[in-house]
Amino acid sequence: MANIINEFVKNFSNSDKTKQKYKATPYKESDSKKADKYIKHCKLCNKCWERDRRNPKRSLHIYENFPTYGKEKEVCPPCKN
Ligand SMILES: [Zn+2]
């Protein structure tokens with residue numbers, strides 16, 4: 001019985017993920033394009049980073065495990081120094 005339930009849950013969450021992927025694509029694409037303007041990919045430390053939009057000279061955000069695909073390549077300030 002437990003196996004059947006597990007199998008059901010597996011299938012259900014799988015199909016749910018697929019649905020979400022399809023539904024989310026148009027929104028996510030435009031959203032990540034917006035983010036691409038600001039988020040850069042540093043090849044030296046292999047992280048994505050962006051300057052704080054309100055205080056670009058002082059603040060810096062580093063994103064670990066952020067998808068680097070399509071991001072503009074620019075060495076981040078900590079690597080430059
Ligand atoms: Zn770096």
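Glu64 is exposed, with a relative accessible area of 55%, where exposed means over 50% relative accessible area, buried under 20%, and partly exposed in between (1.4 Å probe, protein chains only). The model is predicted, so local features need pLDDT of at least 70 and side-chain atom pairs count only at pLDDT 80 or more, while totals for chains, interfaces and linings use all residues. Residues are numbered from 1 along each chain as its sequence is written, and side-chain values use heavy atoms, with hydrogens and water left out.

**Exercise 1.** Find the salt-bridge partner of Glu64, and state which parts the pair ties together.

*Solution.* Begin with the criterion: a salt bridge is a side-chain nitrogen of Lys or Arg within 4 Å of a carboxyl oxygen of Asp or Glu. The partner is Lys47, whose closest N and O atoms with Glu64 are 3.9 Å apart. Next, place the two residues: Lys47 lies in strand β2 and Glu64 in the loop between β3 and β4, so the pair ties together parts that are 17 residues apart in sequence. Strands here are DSSP runs of E with at least two residues, and helices are runs of H or I with at least four, numbered from the N terminus. Finally, compare the surroundings: Lys47 is partly exposed at 27%, whereas Glu64 is exposed at 55%.

**Exercise 2.** Work out which salt bridges Lys40 makes with Glu72 and Glu74, and whether Lys40 is buried or exposed.

*Solution.* Take Glu72 to start with: its side chain meets that of Lys40 in a salt bridge of 3.1 Å, N to O. Glu72 lies in strand β4 and Lys40 in strand β1, so this contact ties together parts that are 32 residues apart in sequence. Then turn to Glu74, which meets Lys40 at 3.5 Å, N to O; Glu74 sits in the loop between β4 and α2 (77-80), so this pair ties together parts 34 residues apart in sequence. As for accessibility, Lys40 is buried at 11%, while Glu72 is partly exposed at 42% and Glu74 is partly exposed at 23%. Salt bridges that share partners join Lys40, Arg51, Glu72 and Glu74 into one network, and the count by this rule comes to four salt bridges.

**Exercise 3.** Describe the phi angles of Asn46 and Asn65, and locate both residues.

*Solution.* Recall the background: most residues other than glycine have a negative phi. Asn46 nevertheless has a positive phi of about 60 degrees, and its place is in the loop between β1 (40-42) and β2 (47-51). Asn65 has a positive phi near 55 degrees and is found in the loop between β3 (60-63) and β4 (72-73). Asn46 is exposed at 52% relative accessibility, and Asn65 is exposed at 81%.
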